[in-house]
Amino acid sequence: MAKSSHEIEHPIKPFGWAARDTSGVLSPFNFSRRATGENDVQFKVLYCGICHSDLHMLKNEWDNSKYPIVPGHEIVGVVTEVGSKVEKVKVGDNVGVGVIVGSCRKCDSCTNDLEQYCSSSIGTYSTTYYDRTTTYGGYSDLMVANEHFVLCWPENLLMEAAPLLCAGTTTYSPLRYVGLDKPGLNIGVVGLGGLGHMAVKFPKAFG
Ligand SMILES: [Zn+2]
Ligand SMILES: [Zn+2]
C-alpha cells in the first residue's frame, strides 16, 4: 500500500486543510488529485459540512485513519470540468459528493443502489483509491470524483443542504425504510445533534 509521502504526484493541485497526527489539528496542506478521467467530474468546492465522523477520523478514534487526512464528506460545489463520457452533469452545474467515491459496481449491494454496503466501497477520504493513492475529502478547494458518486444539486440549497449528504441521508433513509414517512405518526428521537436535528426536521416535513 502506497504511503502518502511516496504517492504519485498528480497534475491537479488543490489546497486543503489536513490533520497530520492524532492531535487532529488542521493545518494548510498542498496536495494533488488525479486528472479528470473520462468518467470523472471535477468541481470547485463551495461548501462542506462538518460531521462528527470527521472528528473521529481526525483523531484516529476508529483506528483506521491514514495521515495526512483531509476530511469532509458533505461536499457541495460547482462543476469545472467533466470527462468525455460524463452524462449526468456539465460545467457550471452544482453537484454534491457524500461519504463514498467508489465501489465495485458489480456485487448485489452495488447493483441494488446500496453501494454503501459494498465490501470494497471507497471512502471520500483516508481510503486507498484504485490508483493506490489516498482519497482526500472536501476540506479543500477542488474535488475530482467518478460521476456515479456525484449528485446533481439544487441551486437554491447550496450551503444549507450540504449536511444532507451524510447526516441527512443517515436519518432520511431509515425513516423511509421503517415507514415513518407519513403524516399522523409519532416518533421519538434520542439526542439532538447533527443527525438528531435532521431526524426532527424530516418527520415534521412528512407531517
Ligand atoms: Zn458523516
Ligand atoms: Zn459492490
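**View 1. V41 and its partner across the strands.** In this predicted model, V41 sits opposite A145, a residue of β8. Zoom out a little and you will find strand β3, which covers residues 40-48, running antiparallel to β8, with five bridges joining the two.

**View 2. The open sheet around β3.** Five strands make up this open sheet, and its pairing is antiparallel. Reading across, the order is β8-β3-β4-β5-β9. The edges belong to β8 (142-146) and β9, each of which pairs on one side only.

**View 3. The zinc ion and its donors.** Here you can look in on the zinc ion (ligand 1), which is coordinated by SG of C51, NE2 of H73 and SG of C166. These contacts span 2.0 to 2.2 Å. Along the chain, the donors of this zinc ion follow the spacing C-x21-H-x92-C.

**View 4. H73 and C166, a pair from two loops.** H73 belongs to the loop between α1 (52-58) and β4 (75-82), while C166 belongs to the loop between β9 (151-152) and α3 (167-177), so the pair ties together parts that are 93 residues apart in sequence. H73 and C166 are both buried.

**View 5. The annotated stretch, residues 37-154.** An unreviewed UniProt entry gives these residues the feature "domain: Alcohol dehydrogenase-like N-terminal". From residue 37 to residue 154, the end C-alpha atoms are 25 Å apart. Within the span, 9% is helix and 28% is strand.

Notes:
Residues numbered from 1 in each chain as written. Chains lettered and ligands numbered in written order. Predicted model: local features only at pLDDT ≥ 70, side-chain atom pairs only at ≥ 80, totals over all residues. Heavy atoms only, no water. Donors = N, O, S within 2.8 Å, 3.2 Å for Na, K, Ca; no water. Helix = DSSP H or I, 4+ residues; strand = E, 2+ residues; numbered from the N terminus. Buried < 20%, exposed > 50% of the residue type's maximum accessible area, 1.4 Å probe, protein only. UniProt positions renumbered as here; feature names shortened; annotations may be inferred. Pairing = 2+ DSSP bridges.
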